[in-house]
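Dear colleague,

Please find below the structure for your work, together with its sequence. A summary of the findings follows it.

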Amino acid sequence: MTDQHHGDVSPVDAVLAALADPTRRQLLDLLAVLGEPTATTLAEHLPISRQAIVKHLAVLDAAGLVTGRRAGREVRYAVRPAALTMTARWMAALASDWDRRLATIKRLAETAEQEAAAGEAHPGGA
């Protein structure tokens, strides 16, 4: 899928792994709506503990999807769109590559079908 060497995780792999969890996707949605909430504020909107929220935010932070900023005694979290944008570009390039491959397969199949139909229309080869 993406480049991996000696157990290193690529940024795209980290984003996809982080987004695989529905709770983390919910957290990103909440962050987009709430701006820069604290973990406590986020926990008020989900049926999990503040500690679980903090663990999910750590995964999102490691993937480059969120950032935490100290404001006095609180940590406020915000979405960092760059990693998501990079992943979307990678996915678009992958889709384009597959579209090109499928178009080639379609063209080859249509050519073979036309040749077969032409062969049936002119039995005997000439």
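To begin with confidence: among the elements of the protein chain, α5 has the lowest mean pLDDT, at 90, and α4 the highest, at 97. Please bear in mind that this is a predicted model. Over residues 1–6 the pLDDT is below 50, and this stretch has nine contacts in the model beyond near neighbours in sequence. For the protein chain the average pLDDT is 89, and 90% of the residues score at least 70.

As to the overall architecture, the protein chain contains five helices and two strands. Read from the N terminus on, its elements follow the order α-α-α-α-β-β-α. The protein chain has 126 residues, of which 23% count as buried. Of the contacts with a separation of 6 or more, 48% are between residues 24 or more positions apart.

The packing of α1 against α5 may interest you. Two packed helices are described by the angle between their axes and the distance between the axes. For helix α1 (residues 11–19) and helix α5 (residues 81–121), the axes come within 9 Å and cross at roughly 105°. This angle falls in the range of 65 to 115 degrees, so α1 is roughly perpendicular to α5. On the α1 side the contact is made by Pro11, Val12, Val15, Leu16 and Leu19, and on the α5 side by Ala83, Leu84, Met86, Thr87 and Trp90. Sorted by class, the residues of this contact are nine nonpolar, one polar and no charged.

Within α1 itself, the buried residues are Val12, Asp13, Val15 and Ala18. The cover over these buried residues includes α2, α4 (50–62) and α5.

Thr87, which belongs to helix α5, shows the α1 contact from the other side. Leaving aside neighbours within four places in sequence, Thr87 is in contact with Val12, Val15 and Leu16. Is Thr87 buried or exposed? Its relative accessible area is 2%, so Thr87 is buried, the cut-off being under 20%.

A second helix pair is formed by α2 and α4, whose axes come within 10 Å and cross at roughly 85°. This crossing makes α2 roughly perpendicular to α4. From α2, the residues in the contact are Thr23, Arg24, Leu27, Leu28 and Leu31; from α4, they are Ile53, His56, Leu57, Val59 and Leu60. By class, the contact of α2 with α4 comprises seven nonpolar residues, two polar and one charged.

Also in helix α4 lies Ala52. With a relative accessible area of 21%, Ala52 is partly exposed, since burial requires a value under 20%. Ala52 and Ala39 are separated by 13 residues in sequence, and their C-alpha atoms are 9.3 Å apart in space.

Turning to the strands, β1 (residues 66–71) and β2 (residues 74–79) pair in the antiparallel sense over six bridges. The two strands form a hairpin with two residues between them. Gly72, in the turn, has a positive phi of about 70°. Two of the pairings can be named: Thr67 stands opposite Ala78 in β2, and Arg70 has Val75 of β2 as its bridge partner.

Finally, which residues does Thr38 touch, not counting those up to four places away in sequence? They are Glu74, Val75, Arg76 and Tyr77, and β2 spans residues 74–79. Thr38 itself is placed in the loop between α2 (22–34) and α3 (39–43). Thr38 is buried because its relative accessible area, 8%, lies under the 20% cut-off.

With kind regards

Note on methods: Residues numbered from 1 in each chain as written. Predicted model: local features only at pLDDT ≥ 70, side-chain atom pairs only at ≥ 80, totals over all residues. Heavy atoms only, no water. Helix = DSSP H or I, 4+ residues; strand = E, 2+ residues; numbered from the N terminus. Buried < 20%, exposed > 50% of the residue type's maximum accessible area, 1.4 Å probe, protein only. Contact = heavy atoms within 4.5 Å. Axes fitted to C-alpha atoms, helices over the stretch in contact; angles between N-to-C directions. Parallel < 35°, antiparallel > 145°, perpendicular 65-115°, else oblique. Nonpolar A, V, L, I, M, F, W, Y, C, P; charged D, E, K, R; others polar. pLDDT = per-residue confidence, 0-100. Pairing = 2+ DSSP bridges.
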